[in-house]
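Biologist: I should like to learn how to read salt bridges in a protein model. May we work through an example together?

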Amino acid sequence: MIIEKAKEALKIEADSILQLTKKISGSFERLVNAICNSRGRVIISGIGKSGLIGKKIVATLVSTGTNSIFLHPVEALHGDLGMVSGEDIFIAISNSGETNEINQLLPVIKNIGCLVAGFTGNFDSTMAKSCEILIDTGVKKEACPFNMAPTSSTTAQLAMGDALAVVLITMKKFKKSDFMKSHPGGVLGQRLSCRVGEIMFEASTAPWVLTGSLMGLALEQMDRFKLGAVIVLDFEKKLKGIITDGDIRHCMANKETDLRTQTVDKVMSSNPHSLNAKSFLYEALNIMEKYQITVLPIVEEDNRLDGILHLHDILGKGSFQFNGAGNEKL
């Protein structure tokens, strides 16, 4: 009975994938073209099992030449939206299309200006009504004997994500040599042996403000660069502090405070953790994991700002495109 049940589960999931071939339509083609023509990234979001599938799809896209990140819907509503640009393509994943966290996020994403697509099995859902492009990943039934646990549905989502990545490989003329560059050792560890200076953003293109500046200017910088942080420098252009989305939330929690009229010195985190450009990426990752931060200032020996490093640059392709003009040269 054990072997037969296993075979039955595999057959149900295999049939679910085969049924997807009948659902590939002009919507899929439109999504591929939108990604190819976009100057932004592919941002994928989901929660629970669909979130895990989304992370795997992101990993496949990144390793095959499509700049992508995963955005947790809850974290997005608590600060991570600072990473989203109007030029990004947003893909929401939910089989039912009634995932509350996703449906709360989509109006905000649309307001930013992103093209919104959805992987779903319910075209009459709340999520579907918020999407400009719908990709049908619906299945007849789950492999679960109670037809409850996400099994066939998540397999279908994953397979559709793989189909998207494979088509993009062809459309972008991604070569075997390109793949080898991003898989020199087949593991993230090989990438972490690179130096910080190889992927950081130089100071001339990093968001920063001078000490004494008003928060209004800092917020403008954060909005322009879409990084979720801004560096504070003293008048010698040396590192003094950093302001993140979390710092802003803490300040706003004090209802008596008018955020925009505060000076950056009152909001920033002083003496932030930092590294130099010759440090290895694994050192940067260790600091980020230990202190639960996503941005590191990179400084020279005299503590002058040399650049800035973001967690997604370490785990992604190492290329993070900002929109808008940079600062004057330091």
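Modeller: Certainly; please bear in mind that this model is predicted. Side chains of opposite charge can pair when their charged atoms come close. Here K240 and D265 form a salt bridge, with their closest N and O atoms 3.1 Å apart.

Biologist: Which parts does the pair of K240 and D265 tie together?

Modeller: K240 belongs to strand 9 (residues 239-244) and D265 to helix 12 (residues 264-267), so the bridge ties together parts that are 25 residues apart in sequence.

Biologist: Are K240 and D265 buried or exposed?

Modeller: Buried would require a relative accessible area under 20%, and exposed one over 50%. K240 has 32% and therefore counts as partly exposed; D265, at 24%, is partly exposed as well.

Biologist: How many salt bridges does a search of the whole structure find?

Modeller: The search finds nine. One of them joins the side chains of K23 and D136, at 3.7 Å from N to O. K23 sits in the loop between helix 1 (2-20) and helix 2 (26-37), while D136 is in strand 5 (residues 133-136), so this pair links parts that are 113 residues apart in sequence.

Biologist: What is the relative accessibility of K23 and of D136?

Modeller: The value for K23 is 27%, which makes K23 partly exposed. D136 has 22% and is likewise partly exposed.

Biologist: Which residue meets K226 in a salt bridge?

Modeller: That residue is D223; the two side chains meet at 3.1 Å, N to O. With a relative accessibility of 49%, D223 counts as partly exposed.

Definitions and conventions: Residues are numbered from 1 along each chain as its sequence is written. This is a predicted model: local features need pLDDT of at least 70, side-chain atom pairs count only at pLDDT 80 or more; totals for chains, interfaces and linings use all residues. Side-chain values use heavy atoms; hydrogens and water are left out. A salt bridge is a side-chain nitrogen of Lys or Arg within 4 Å of a carboxyl oxygen of Asp or Glu. Helices (H or I, at least four residues) and strands (E, at least two) are DSSP runs, numbered from the N terminus. Buried means under 20% relative accessible area, exposed over 50%, partly exposed in between (1.4 Å probe, protein chains only).
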